[in-house]
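Biologist: I would like a close look at a single part of this model. Which residues line the second largest pocket? Please go on from there to the other parts, in plain terms.

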Amino acid sequence: MDSATVSVQVSEERLSAFIGKVMEDIGGSLAVLLSFLGDQTGVYRTLRDIGPCGTTELARLSKVDERYLREWLSAQAAAGYVIYHPEDDTFSLTPEQAIVLAQEGHPACMQGFFQLLVSQFTTHDKAVTTLRSGAGRAWGEHHGCCFCGTDRFFRPGYAANLVDAWLPALEGVTAKLAAGGKVADVGCGHGSSTVLMAQAFPNATFYGYDFHAPSIGMATEKAAAAGVAANTRFVTSTAKDIADDGFDLICMFDALHDMGDPVGAARRLRESLKPDGTLMLVEPLAGDHLTDNLHLLGQIFYSASTLICTPASRAQEVGLALGAQAGERRLTEILKEAGFRQVRRATQTEVNMVLEARP
């Protein structure tokens, strides 16, 4: 008998449970989209600042339509994103909700990630075409919200960890930077990580490299606004084409897995280091096997990798498609193939691993 015609026994209990999970995911996706609207219109910030209030006052202060606002607040209350007070028909944010939804710069604020997710729905047609064709999709082909959302999401984590935890975990690096070292931030994007280091180590010189010219322009503007233009320089360049040498430290933040030729990139970076220099590689925290990553964080990273990271790699030469969940063992293999002799995990957070590599 054809296996396709064999009757499959369906468990009504498991079916119901899975439908329930899918419905929760649908509700969550709508909550994210509506939360993005609340961020972009400033409703969250207004509600945070004035406390419990009715729709008339909140609409006036936020400059939005009251009827739409009422519907939005109702959806948000049902999702658990805001609190409804039936005794006086008002809405409010708890302190915890205010941090996650409206506290820009806080490591727990999720609006940057919301912005990144919305960008992917905006260009869903390109994602479908990419999945079908197997072709690459360059970083620059994404919606502008992808670049802004990525920087906005990662920046608070860098602010919380980079200077106080990650750099001190590297052998002898902070002393070199305090004395006036030379640093490269490869794949710097909008330059948030570069600016943070330049502010912390004014005697050092920082070079930010990214192959996306609009991001380099934004990084230059941000450095000037932060008052570190004197010790920063931003250059449009791929990792393999970096012309400078003599670096005490080279940093890569969530960037190596996006590259088409990570081995070639790492090899050029090794050549750019001083003999006693250090490569700091920050990558998503992942186990070495798929079974290690079958959890919520793994789902999020694999999803982002499907939509952004792996297609970005395939759009470049070699197109290795390393993926955002490569794991420490595979990353170490890449670095050693590129000529690094020593690789160790220096530290980690709940979402990132920090590898230290030496020539």
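Modeller: A pocket here is an open set of grid points with protein on both sides within 12 Å along at least five of seven lines, and a residue counts as lining if it has an atom within 4 Å of a point. The model is a predicted one.

The lining of the second largest pocket consists of A127, V128, T130, L131, G134, A135, R137, T306, L307, T310, P311 and R314. Two elements, α7 (124-133) and α13 (296-314), give two or more residues each to this lining. The largest share comes from α13, with 5 residues. The space in this pocket is about 240 Å³. Sorted by class, the lining has 6 nonpolar, 4 polar and 2 charged residues. The nonpolar ones include V128 and L131, while R137 and R314 are charged.

The cavity comes next. Rolling a probe the size of a water molecule over the atoms shows where empty space is left. The count of cavities of 30 Å³ or more comes to 1. The largest cavity has a volume of about 50 Å³. Its lining is made up of E104, G105, H106, C109, Q111, G112, R152, F153, R155 and P156. At least two of these residues come from α6 (111-122), and at least two from α8 (144-166). With 4 residues, α8 supplies the largest share. The lining of the largest cavity divides into 3 nonpolar, 4 polar and 3 charged residues. F153 is one of the nonpolar ones, and E104 is one of the charged.

The end of α13 leads on to a loop. V318 lies in the loop between α13 and α14 (328-337). Most residues other than glycine have a negative phi. The phi of V318, however, is positive, near 70°. V318 has a relative accessible area of 62%, so it counts as exposed, for which the limit is over 50%. K63 also has a positive phi, near 60°. The place of K63 is the loop between α3 (55-62) and α4 (66-79). At 75% relative accessibility, K63 is exposed.

The last part is the sheet. Strands of a sheet pair through backbone hydrogen bonds, either parallel or antiparallel. This open sheet has 7 strands in the order β5-β4-β3-β6-β7-β9-β8, and the pairing is mixed. The edges are β5 (232-236) and β8 (342-348); each has a single partner strand, so one side of each has no neighbour in the sheet. On average, neighbouring strands of this sheet are turned by 20° against each other, direction ignored.

At one of these edges, β8 runs antiparallel to β9 (residues 352-358), and 6 bridges join the two strands. Within this pair, V343 stands opposite A357 of β9.

Two helices lie across strands of the sheet. Helix α11 (residues 213-225) lies across β4 (205-210) and β5, and runs at about 170° to β5. Helix α12 (residues 262-272) lies across β3 (182-186), β6 (247-253) and β7 (273-284), and runs at about 145° to β7.

To return to your request, the pocket is lined by residues that include A127 and T306, with α13 giving the largest share.

Conventions. Residues are numbered from 1 along each chain as its sequence is written. This is a predicted model: local features need pLDDT of at least 70, side-chain atom pairs count only at pLDDT 80 or more; totals for chains, interfaces and linings use all residues. Side-chain values use heavy atoms; hydrogens and water are left out. Two strands pair if DSSP finds at least two bridges between them. Axes are lines fitted to C-alpha atoms, for helices over the stretch in contact, and angles run from 0 to 180 degrees between N-to-C directions. Contact means heavy atoms within 4.5 Å. On a 1 Å grid over the protein atoms alone, a cavity is a set of points where a 1.4 Å probe fits but cannot get out, and a pocket is an open set with protein on both sides within 12 Å along at least five of seven lines; lining residues have an atom within 4 Å of a point. Grid points are joined across faces, edges and corners, and a volume is the space filled by probe spheres set on the points. Buried means under 20% relative accessible area, exposed over 50%, partly exposed in between (1.4 Å probe, protein chains only).
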